Amino acid sequence: MRRVVLGLTGSVAAIRSFELVDLLERSDSRARIVATSSALYFLDPAQVSERRGRGDSSFLIDADEWPGAGYRRGDPVGHIELRRWADVLVVAPLDANTLAKFALGLSDNLLTCLFRAWDFTKPVVLAPAMNTLMWESPVTRRHLQILLEDRAESTPPADWTFNQVQAVFARHAPAIVLVPPQSKRLACGDIGTGAMADIDEITQAVVEWRQGVDSEV
């Protein structure tokens, strides 16, 4: 059974997180959720309470990083324990703020600490979700380029377009599987690219991450 950590960040697409967990678990995966404080705004409190009440660490928040009121030598370190447990890290939705933190190495919550400490011999699946102008921003492109170059196994191009970004990552940095956003009417009312990919596409990326994308870039 595949062990998946699903990171949730502050995008309205987080409302689909429990559907994604169910789909992952039907594909022979066991999922544990790590939610940022921003993600909690979009989640059903009753569902969060139910999952946190199971006592099996299936739903974790920043406060779960450390086990008690104060550190004691020998206490487990939450993000390291998660890294050791997981076979794959999925961040869906990945908001613009967390993408920036990943690229710059900021580690101010449980999820960003996990990414910073991640063993990249194991895959990371990223499914961005944000407003169209945020996705198409040169800042977003710069942050994606940093991730690409940091994990590149071969020299990546510098002149890729957003339409090519999935193939660029697959060819040059296969440890990071980028599942780009889709074009539709967004929650804010704008029409354009930025909505998180369909959850079945994200699940397929988890199952078949090694296959990559064969397109020439």
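A residue counts as partly exposed when its relative accessible area falls between the buried range, under 20%, and the exposed range, over 50%. With that in mind, and remembering throughout that this is a predicted model, start by selecting aspartate 28, which at a relative accessible area of 45% is partly exposed.

**Aspartate 28 and its backbone**

Aspartate 28 belongs to the loop between α1 and β2, the latter covering residues 29-35. Look at its backbone here, since aspartate 28 has a positive phi of about 65° although it is not a glycine. Most residues other than glycine have a negative phi, and most peptide bonds are trans.

For a peptide bond of the other kind, move on to the step from alanine 92 to proline 93, where the bond is cis and omega is near 5°. Proline 93 itself is found in strand β4, which runs over residues 88-94.

**Salt bridges around helices α1 and α3**

Side chains of opposite charge can pair when their charged atoms come close. Across the whole structure a search finds six salt bridges, and the next selections show some of them.

Select arginine 16 and glutamate 19 together, and you will see their side chains meeting in a salt bridge, with 3.1 Å from N to O. Arginine 16 is partly exposed, its relative accessible area being 31%, and glutamate 19 is partly exposed as well, at 40%.

Next, select arginine 51 and aspartate 22, which form a salt bridge in which the closest N and O atoms are 3.8 Å apart. This pair links distant parts of the chain, for arginine 51 is in helix α3 (residues 45-52) and aspartate 22 is in helix α1 (residues 17-26), 29 residues apart. Arginine 51 is buried, with a relative accessible area of 11%, whereas aspartate 22, at 34% relative accessibility, counts as partly exposed.

Staying with helix α3, add arginine 52 and aspartate 64, whose side chains meet in a salt bridge of 2.7 Å, N to O. Arginine 52 is in helix α3 while aspartate 64 lies in the loop between β3 (59-60) and α4 (78-85), so this pair ties together parts that are 12 residues apart in sequence. Aspartate 64 is partly exposed at 30% relative accessible area, and arginine 52 is partly exposed at 35%.

One further residue to select in helix α3 is glutamine 47, which is partly exposed with a relative accessible area of 31%. Display its C-alpha atom together with that of phenylalanine 18, and you will find the two separated by 8.5 Å, although the residues are 29 apart along the chain.

**Aromatic rings and the charges over them**

Turning to the rings, a search of the whole structure finds six aromatic pairs. Select tryptophan 135 and phenylalanine 162: their ring centres are 5.0 Å apart and their planes stand at 55°, so the pair is tilted. Because tryptophan 135 lies in helix α7 (residues 132-135) and phenylalanine 162 in the loop between α8 (138-150) and α9 (165-172), the pair ties together parts that are 27 residues apart in sequence. Tryptophan 135 is buried, with a relative accessible area of 3%, while phenylalanine 162 is partly exposed, with 22%.

Then select Phe102, Phe115 and Phe120, which form one aromatic cluster. Keep phenylalanine 120 in view and add arginine 151, whose charged end sits over the ring of phenylalanine 120, 3.8 Å from its centre. Another such arrangement appears on selecting lysine 122 and tryptophan 118, where the charged end of the lysine sits over the tryptophan ring, 5.0 Å from its centre.

**The largest pocket**

Rolling a probe the size of a water molecule over the atoms shows where empty space is left. To finish, select Ser11, Val12, Ala13, Ala187 and Ala195, which, among the 23 residues lining the largest pocket, lie nearest its centre. The space in this largest pocket comes to about 390 Å³.

Strands β7 (182-185) and β8 (191-195) are worth colouring at this stop, as each supplies at least two residues of the lining of the largest pocket. The largest share of that lining, three residues, comes from β7. If you colour the lining by residue type, you will find it divided into 13 nonpolar, five polar and five charged residues.

Note on methods
Residues are numbered from 1 along each chain as its sequence is written. This is a predicted model: local features need pLDDT of at least 70, side-chain atom pairs count only at pLDDT 80 or more; totals for chains, interfaces and linings use all residues. Side-chain values use heavy atoms; hydrogens and water are left out. Rings of Phe, Tyr and Trp (its six-membered ring) pair if their centres lie within 6.5 Å; planes under 30 degrees apart count as stacked, over 60 as edge-to-face and the rest as tilted. Helices (H or I, at least four residues) and strands (E, at least two) are DSSP runs, numbered from the N terminus. Buried means under 20% relative accessible area, exposed over 50%, partly exposed in between (1.4 Å probe, protein chains only). A charge sits over a ring if NZ of Lys or CZ of Arg is within 6 Å of the ring centre and within 35 degrees of the ring normal. On a 1 Å grid over the protein atoms alone, a cavity is a set of points where a 1.4 Å probe fits but cannot get out, and a pocket is an open set with protein on both sides within 12 Å along at least five of seven lines; lining residues have an atom within 4 Å of a point. Grid points are joined across faces, edges and corners, and a volume is the space filled by probe spheres set on the points. Ala, Val, Leu, Ile, Met, Phe, Trp, Tyr, Cys and Pro count as nonpolar, Asp, Glu, Lys and Arg as charged, and the others, Gly among them, as polar. A salt bridge is a side-chain nitrogen of Lys or Arg within 4 Å of a carboxyl oxygen of Asp or Glu.
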